[in-house]
Amino acid sequence: MGGWWSYLWWGGDPDVVNPVSGLTRREVYAVQSSWAPVYKDSVATGTELLKRFFRAYPNSKEFFKMIKKLPEEEYAHNFQFKAHVINLMAALNQAVTNLNQPEVVAVMMNKLGESHRKRKIREQNFHELKDVIVKMFVEVLKLDESTLGAWGKTVGFWYKHIFETLNVEESR
């Protein structure tokens with residue numbers, strides 16, 4: 001009965017790995033559940049994330065013309081910065097929310113890679129952002145090892161598809 005109930009509850013075996021995302025249903029659930037408190041105040045969370053990113057990697061501010069010369073205290077008052085934070089958090093939310101449809105998320109990440117390639121963002125910049133996200137999540141959310149592992153696999157899945165289009169050479 002336990003196996004049958006588990007199958008019904010999860011909509012299938014919770015430990016079978018999805019061939020597209022590399023995630024199990026259980027891992028998707030862990031990521032989505034831990035994301036909810038992050039997205040609850042998405043503008044504040046996103047603003048704090050980018051502030052930490054700029055502190056850790058000051059050169060990354062060069063990609064953000066709207067705040068390049070602003071002191072950190074003024075970021076929140078810049079409407080272009082706030083719009084970018086909203087877009088960032090909405091994109092992350094869509095990627096998390098749709099993990100049950102990994103083919104859709106893969107396409108979303110390909111588009112993200114294309115748009116960032118046009119802005120000369122490199123793979124290294126994404127890895128730096130990941131470092132900041134992991135530190136912030138560990139500090140703020142106090143994630144357990146399995147949830148942190150699920151997040152690592154999730155970001156790996158996202159980055160695989162971002163990098164597919166980010167690293168394509170422009171043909172002229």
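Start by selecting Ala91, Gln94 and Ala95 in helix α4, then add Val105, Met108 and Met109 in helix α5: these two groups meet, meaning heavy atoms within 4.5 Å. Of the residues in this contact, 5 are nonpolar, 1 is polar and none are charged. Here Ala, Val, Leu, Ile, Met, Phe, Trp, Tyr, Cys and Pro count as nonpolar, Asp, Glu, Lys and Arg as charged, and the others, Gly among them, as polar.

A quick word on what's on your screen: this is a predicted model, where local features need pLDDT of at least 70, side-chain atom pairs count only at pLDDT 80 or more, and totals for chains, interfaces and linings use all residues. Residues are numbered from 1 along each chain as its sequence is written, and side-chain values use heavy atoms, leaving out hydrogens and water.

Now show both helices whole: α4 is residues 79–97 and α5 is residues 102–118. They pack at an angle of about 155 degrees, with axes 9 Å apart. That makes α4 roughly antiparallel to α5 (over 145 degrees, on a scale from 0 to 180 between N-to-C directions).

Next, jump to helix α3, residues 42–56, and click threonine 45. Is threonine 45 buried or exposed? Threonine 45 is buried, at 18% relative accessible area (buried means under 20%, with a 1.4 Å probe and protein chains only). Leaving aside neighbours within four places in sequence, threonine 45 is in contact with Val38, Met89 and Met136.

Last stop: arginine 52, also in α3. Arginine 52 is buried as well, with 19% relative accessible area. Not counting residues up to four places away in sequence, arginine 52 touches Val132, Met136, Glu139 and Val140.

Terms used
Helices (H or I, at least four residues) and strands (E, at least two) are DSSP runs, numbered from the N terminus. Angles under 35 degrees count as roughly parallel, over 145 as roughly antiparallel, 65 to 115 as roughly perpendicular and the rest as oblique. Buried means under 20% relative accessible area, exposed over 50%, partly exposed in between (1.4 Å probe, protein chains only).
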